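User: Please take a close look at one part of this model. Pick a residue at a helix contact and work outward from there.

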Amino acid sequence: MLREAAPMYIDNAGFTAKVLMALPRARRRVETRRLLLLLGSALLGTVITLVLAGNQLVAFGTLVTGHLARWGAVPVPWLGSTFTIATAAAAIAIAAAGWWGWSRAR
Amino acid sequence: MNPSDTDLIARVLASDDRHAFGELVRQHQSAVRGFLRRLTGGDHALADDLAQETFVAGYRNLRKFRGGSAFSTWLLGIAYNRFRDTRRRHNETVEWTDTITSAPEIETRAPPASVAVDLQLDLAAALARLSPDERSAIHLCYAEGLTHEEAAGVLGCPLGTVKTHLLRAKENLRAHLKTWAPA
């Protein structure tokens, strides 16, 4: 008699759909792949540029360092601390962006 | 032929296949919802909320399912824990057994010719008067056809405790249904 008193089959009636909607977001495999592709492309582009530029890059570098040296000679007392703060801010921003991208890609 | 639980679980784990998980839900929703409806004394809304939480928890913890028991048994264990947590959260302020007067009899199987409808109704009411633990043990062993060992696994208690719950449940049912006892 206890077996006969068991609840009858309960119709699904949209229950499965509700469960599927409540599941955590699907893993973003595509975005991870896209991120890796982007980073890989950037790295490859840098290497190709370095290889192809050759002497021209060295000349450009000399030009830039020359300008930097000239600017460096200008006595600006707050330039060092500004540069330090800017570098630290940029590092934090890059780390935060990296963390955000990584956590979204999981 | 329906794919087996093992195949579906493998598909979910391998490629996060939502259709496969949907199929698992479809196959087991009736048992889980029925169990929770029995535990909550026929509170369909609460039972369905708990059932939904059960399946979501099952999805999240699917990797922990080792196949030592049937998938349905594993799910019923999660469902029971959800029910217990909810009951604890409510701090026993909700009187689970007071809400059972009408719902269970609506969803019991059509009684066979040999069993009177009145007896079925009284049995449903008597079942609802049992403690949640006793009701769980009775439901798992009689409605779901689990062995005592499997029921102990679902309820997370020793085998002896399940046997005690069953014994007490039967005594209580006998007392509630004494008017039906043969003269």
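Analyst:

**B:R26 and the helix contact around it**

B:R26 sits in helix α2 of chain B. The model is predicted: local features need pLDDT of at least 70, side-chain atom pairs count only at pLDDT 80 or more, and totals for chains, interfaces and linings use all residues. Residues are numbered from 1 along each chain as its sequence is written, while chains are lettered from A and ligands numbered from 1 in the order in which they are written. Helices (H or I, at least four residues) and strands (E, at least two) are DSSP runs, numbered from the N terminus.

B:R26 is partly exposed, with 14 other C-beta atoms within 10 Å. The cut-offs are 20 or more such atoms for buried, 12 or fewer for exposed, and partly exposed in between, with C-beta atoms placed from the backbone. Leaving out residues up to four places away in sequence, B:R26 touches A:N12 and A:T16. Contact here means C-beta atoms, placed from the backbone, within 7 Å.

Now the helix pair. Helix α1 of chain A (residues 15-22) and helix α2 of chain B (residues 18-39) have axes that come within 9 Å and cross at roughly 135°. Axes are lines fitted to C-alpha atoms, for helices over the stretch in contact, and angles run from 0 to 180 degrees between N-to-C directions. α1(A) and α2(B) are therefore oblique to each other. Angles under 35 degrees count as roughly parallel, over 145 as roughly antiparallel, 65 to 115 as roughly perpendicular, and the rest as oblique.

α1(A) contributes A:F15, A:T16, A:V19 and A:L20 to the contact. α2(B) contributes B:R18, B:G22, B:V25, B:R26 and B:Q29. By class, this contact has four nonpolar, three polar and two charged residues. Ala, Val, Leu, Ile, Met, Phe, Trp, Tyr, Cys and Pro count as nonpolar, Asp, Glu, Lys and Arg as charged, and the others, Gly among them, as polar.

Next, the partner chain. Chain A has four helices and zero strands. Its pattern along the sequence is α-α-α-α. Of the 106 residues in chain A, 5% are buried.

Confidence completes the picture. Chain A averages a pLDDT (the predictor's confidence in each residue, from 0 to 100) of 80, and 82% of the residues score at least 70. In chain A, confidence is highest in α1(A), at 91, and lowest in helix α3 (residues 55-73), at a mean of 79.

Terms used
Contact = placed C-beta atoms within 7 Å.
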